[in-house]
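This report describes the protein shown below for a reader at the bench. It begins with model confidence and then turns to overall form and to selected residues.

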Amino acid sequence: MTDLKRRSFFTIEIVYLFAVILFILVLFPFYWIFVTSFKETLAVYELPPRLIPRSFDLSNYLRSFTQYNVGMYFINSLKATIATVVFTTFFASCAAFALARLNFKGKKTIQRFLGVTQMFPVVVLLVPLFLLCNRFHLYNTLPSIVIPYVALQFPVSIILQSTYYRDVPDALEEAARLDGCNTFQILAHVFFPLVTPGIVATSVYTFIQVWQEFLIASSFITSRNKFTLTVGLTTFRGDEMTDWGALMATSVIIAVPALILFNLAQDFFINRVVGSVKE
């Protein structure tokens, strides 16, 4: 029995050790980006590299705004992301309600089609999206990336929100219909308040996906004054060298809005989990 306990204890220790090693491997790149963003230019290229810098310098952040126009890229990303989140969330929410609560011909076909759309990688859709934007003279404009973003996030948003609409008890919908409410009134006054945590969760997911997107933005935007943050990172690479300090600082700037948004929305996630447990 004692040997069995020792083996069990040894096995647990090994599992914990591997978990700690894995945690360090996952966390270290983010730590290195953060630390490098505060290093002086010469300290970035120092060998051997220091895990903890001698001093924390803000010059990389200042240079990213003054020399590389990160503020302009930030505003461009914010415009594209907010437009995508608003359009996607609202129309996907209405579509999710229809698929989850209404009965109509072709409903199953639409649901299958939404699943099929997730089988195609974004790179396959670049050519048709490019031809579409070019035909309507939208190339190198904000709509040239917002439209593809909405098209790509729309099916995912519908699928995610449909699960929240299905969780609403049928008795609430039936009671609202007995009170004389039509479909739009039921959606606005019964379902929207109940599925708000799910809508917020889906909106946060859409925000993060669009905020960090690079492939479409780099393919459809060519003017530097219209670059998003992710595409703007390419401007830090020069003919002779790469400004790693400013690049790392901009990487931190890209990560901050998503972290702030997720922290602000965590109450909705918690409320959703608590509500599911009570049900």
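## Confidence of the predicted model

Within the protein, mean confidence is highest in helix H4 (residues 70–101), at 91, and lowest in helix H13 (residues 244–278), at 73. These values are pLDDT, the predictor's confidence in each residue on a scale from 0 to 100. Helices (H or I, at least four residues) and strands (E, at least two) are DSSP runs numbered from the N terminus. This is a predicted model, in which local features need pLDDT of at least 70 and side-chain atom pairs count only at pLDDT 80 or more, whereas totals for chains, interfaces and linings use all residues. Residues are numbered from 1 along each chain as its sequence is written, and side-chain values use heavy atoms, with hydrogens and water left out.

The mean pLDDT of the protein is 82, and 91% of its residues reach 70 or more. Over residues 274–279, pLDDT stays under 50, and the model has one contact beyond four places in sequence for this stretch. A contact here means heavy atoms within 4.5 Å. Where pLDDT is low, the predicted coordinates should not be read in detail.

## Overall form

The protein contains 13 helices and zero strands. Its radius of gyration is 24 Å, well over the 19 Å that the globule rule gives for 279 residues, so the protein is more spread out than a compact globule. The radius is taken over C-alpha atoms, and the rule is 2.2 Å times the number of residues to the power 0.38. Along the principal axes, the C-alpha atoms fill a box of roughly 75 × 75 × 30 Å.

Of the contacts with a separation of 6 or more, 73% join residues 24 or more positions apart. Buried residues make up 36% of the 279 residues; buried means under 20% relative accessible area, exposed over 50%, and partly exposed in between (1.4 Å probe, protein chains only). The protein exposes about 17,400 Å², of which carbon and sulfur atoms supply 70%. These areas come from the Shrake-Rupley method with a 1.4 Å probe, and for residues only the protein chains shown count as cover.

There are 21 positive and 16 negative side chains, and the centres of the two sets lie 6 Å apart. Lys and Arg count as positive and Asp and Glu as negative, while His and the chain ends are not counted. Each charge is placed at NZ of Lys, CZ of Arg, CG of Asp or CD of Glu.

## Selected residues

Two loop residues other than glycine have a positive phi, as tabulated here.

| Residue | Phi | Loop | Relative accessibility |
|---|---|---|---|
| Asparagine 69 | about 55° | between helix H3 (59–66) and H4 | 35%, partly exposed |
| Histidine 137 | near 55° | between helix H6 (122–135) and helix H7 (143–166) | 70%, exposed |

Threonine 89 lies in helix H4 and is buried, with a relative accessible area of 9%. Leaving aside residues up to four places away in sequence, threonine 89 touches Thr84, Ser157, Gln161, Ile199 and Ser203. Threonine 89 and serine 144, 55 residues apart in sequence, are 19 Å apart in space, C-alpha to C-alpha.

Phenylalanine 184 belongs to helix H9 (residues 183–194) and is exposed, with a relative accessible area of 70%. Phenylalanine 184 and cysteine 94 are 90 residues apart along the chain, and their C-alpha atoms are separated by 9.5 Å.
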